[in-house]
Amino acid sequence: MRIDYELSAPVRLSISMDAAGFTVLLGLSGTGKTSLLRAIAGLISARGTPYDGVPPDLRRVGYLPQGYALFPHLRAWENVAFALHGARHARRERADELLDLVGLRDAGERYPDQLSGGQQQRVAIARALAREPELLLLDEPTSALDTVTREEVLDELTGLIRRLKIPTLAVTHDWHVAAIADSLAVLSGGRIVQQDSPARVFAEPATGAVARLVGFRNLFPARIEGHEGGSVFVALAGARLCVRAPRRADYGAPIGIGIRSDEIVVQPDTDGASDENSLMGTVQGVRDEGLAQRVAFKSAVPLDILIPRSVASGRSLRAGEVVRVTLPAGRLHLFDWRD
Amino acid sequence: MTPNRISLAVAAAAVLAFLALPFVGLALSTDWSTLGFTTGDAGAIRISLTCTAISLAIIIALGTPLAYWLAHSSFRGKAVVEMLVLLPLLTPPLAMGILLATLYGPYSYIGRALEAVGIILTNSPAAFVLAQVYGASPYYVVTARAAFEGVNPELEEIARTLGKSRVATFRLVTLPLAALGLAAGVGVAWVRALGEFGIVLVVAYFPQGIPVKLWVNLQDIGIGAVYPLLWLFFLIAMPLPLVLGTVSRRRVRVT
């Protein structure tokens, strides 16, 4: 489904995107993601297709706000039956079918405050499905879940959405959700700056803002020096880096270069300082992050390095230590540097 | 129990005793063997009950939309509107009665115009109801407004996205969720209307309801003569708000 919306308040947005399968809109908090969903649901005034000017009760959308907004005075089945018409027993029957569909047949008699976060979400989906929506809108679907159950709930949710074949637009700032989307759109500066498969967006973020949203912590302005075959040579603060990227090789052009924290390799020795993409530098600080180590590293540019346990085993970096790191040519990414 | 908890319990008990003391005093002072009504007491009860019922219906019918509107809209000058609602509440009852007499009395334009179509707003059942509505409606509007504001607006929005019109949303979501607060408002309005004395004294001395009749009994016969009617007054006034108040605190689910 094509979604084109223009908002002027509470934030200025100009959105143009496709919603097919499980589509995720990724954006920072406060950039208008919730406003977009509310606009599509008809709850705030906006211009756009579909549903231009149609009152909310006549739009066939299923909207799940953060926290799900189940009716506290109604039992689970009554929540699900809210949008249904007809005799009580017929509504009950249909509500039970929908609860069964989301795996909650036995929870019909319970009130929302007697359900877990994941169960509340499923009741809310069943309630939205009762309306037979053409489009599902999910606002931060993982925000009300604890991290332990998040993966599990997310898997069930996406499985259900794919089975139902209802186009779904989920907005989030959580790139873990973005990673499992069928299609990923990124919101920045009030518009969609990139929409593609998550693999493509994660591998080739179009801009620095997108890169930051998909988890890049090392982003620097750089300049292209030349190219040779499939490699581009980039000048970064005095260092010369080789990047495997066949496109964008205008000489002298300003460009952004980035690498993920966990793709920087800490070398076991300080020999070979002149090897390709090697940087010498000093460890500024080391912080345990669960089983991994996060290292603040000072070289020609400051780097954020994440060393997984599998790599770090046996060796622990200390502040003040001088080490050599390499930025693998295949792991460096180039993108527009405009923001 | 820690010393702190003990002193807290003692303080609370002292306040409760202070609050209950007048009622204990009344129970002890009443001469239960010769308890009997004086002439006109029955009529006063009838007047109070019918007029208060009518006033309450008017207050709910007019106050509910106003309270909902106040809870749901924001506009320039809303503070002025809020002050208008509070104005009758903040005006001393006797002063309010004088204002009403000035506005609706037999020598005013409005009074004369209404008299021409057969509505007399001085010393009439209509005047009695008018006085009660002025006295009690702000209490209902303020309470009902708080009740409506207590309903999460997101729930009302969700109801709309689930295909319900504004009216259906009000009936199926807003009203049930605000019901206890509204009930509390009704309870308070009932007591205020039934007990309205100051305004009634000025604009509707007749027909005599319970408060004015109590006053008359007190003046004409003495304090012993007011006890029977006073007991009945409590019996009529208190059950509704007490029950509503207790129920609203017991119900935890709808919050």
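## Chain B, its long helix and the contact with chain A

Chain B holds 12 helices and 0 strands (DSSP runs: helices are H or I of at least four residues, strands are E of at least two, both numbered from the N terminus). From the N terminus on, its elements read α-α-α-α-α-α-α-α-α-α-α-α. This is a predicted model, in which local features need pLDDT of at least 70, side-chain atom pairs count only at pLDDT 80 or more, and totals for chains, interfaces and linings use all residues. Residues are numbered from 1 along each chain as its sequence is written, while chains are lettered from A and ligands numbered from 1 in the order in which they are written.

### Chain B overall

Along the principal axes, the C-alpha atoms of chain B fill a box of roughly 70 × 65 × 30 Å. The chain has 255 residues, and 35% of them are buried. A residue is buried if 20 or more other C-beta atoms lie within 10 Å of its own, exposed if 12 or fewer, and partly exposed in between, with C-beta atoms placed from the backbone. Two residues are in contact if their C-beta atoms, placed from the backbone, lie within 7 Å. Among contacts in chain B with a separation of 6 or more, 79% join residues 24 or more positions apart.

### Helix H6 of chain B

H6(B) has 25 residues and reaches 35 Å from first C-alpha to last. That is close to the 36 Å expected at 1.5 Å a residue (the expected span is 1.5 Å times one less than the number of residues). H6(B) bends by about 40 degrees at Ala136(B), the bend being the angle between axes fitted to the seven residues ending there and the seven starting there. A proline, Pro138(B), follows within four residues. The helix is mostly covered, with 20 of its 25 residues buried.

Ile119(B) sits in the loop between helix H5 (109-116) and H6 of chain B. Ile119(B) has 14 other C-beta atoms within 10 Å, so it is partly exposed. Leaving aside neighbours within four places in sequence, Ile119(B) is in contact with Leu114(B) and Ala126(B). Trp215(B) is 96 residues away along the chain, and 27 Å separate the two C-alpha atoms.

### The largest nonpolar core

A nonpolar core is a set of buried Ala, Val, Leu, Ile, Met, Phe, Trp, Tyr and Cys residues joined through C-beta atoms within 7 Å. The largest one has 152 residues. Val80(A), Leu99(A), Leu137(A), Leu130(B), Ala131(B) and Val203(B) touch the most other members. Helix H6 (residues 125-149) of chain B gives the largest share of this core, 14 residues. Domain 1 (2-210) and domain 2 (216-335) of chain A both give residues to this core, so it lies between them. In soluble globular proteins, nonpolar side chains tend to be buried together.

Val203(B) is in contact with Gly97(B), Leu100(B), Ala101(B), Thr122(B), Ala127(B), Leu130(B) and Ala131(B), leaving aside neighbours within four places in sequence.

### Domains of chain A

Chain A is assigned domain 1 (2-210) and domain 2 (216-335); the bounds come from an automatic or database domain assignment. Their centres, taken over C-alpha atoms, are separated by 38 Å. In the contact, 5 residues of domain 1 meet 5 residues of domain 2. The domain 1 side has 2 nonpolar, 2 polar and 1 charged residues. Here Ala, Val, Leu, Ile, Met, Phe, Trp, Tyr, Cys and Pro count as nonpolar, Asp, Glu, Lys and Arg as charged, and the others, Gly among them, as polar.

### The contact between chains

Chain B brings 15 residues to the contact and chain A brings 16. On the chain B side, helix H7 (153-161) and helix H8 (166-195) each supply at least two residues. H7(B) gives the largest share, 6 residues. By class, this side divides into 7 nonpolar, 3 polar and 5 charged residues.

### Backbone details

Two cis peptide bonds and two positive phi values in residues other than glycine are set out here.

| Residue | Feature | Loop |
|---|---|---|
| Pro10(A) | cis bond with Ala9(A), omega about 0 degrees | between strand E1 (2-7) and strand E2 (13-18) of chain A |
| Pro207(B) | cis bond with Phe206(B), omega about -10 degrees | between helix H9 (198-203) and helix H10 (210-220) of chain B |
| Tyr51(A) | phi near 70 degrees | between strand E4 (47-49) and strand E5 (61-64) of chain A |
| Ala237(A) | phi near 45 degrees | between strand E11 (231-236) and strand E12 (239-244) of chain A |

Tyr51(A) is buried, with 21 other C-beta atoms within 10 Å. Ala237(A) counts as partly exposed, with 13 C-beta neighbours inside 10 Å.
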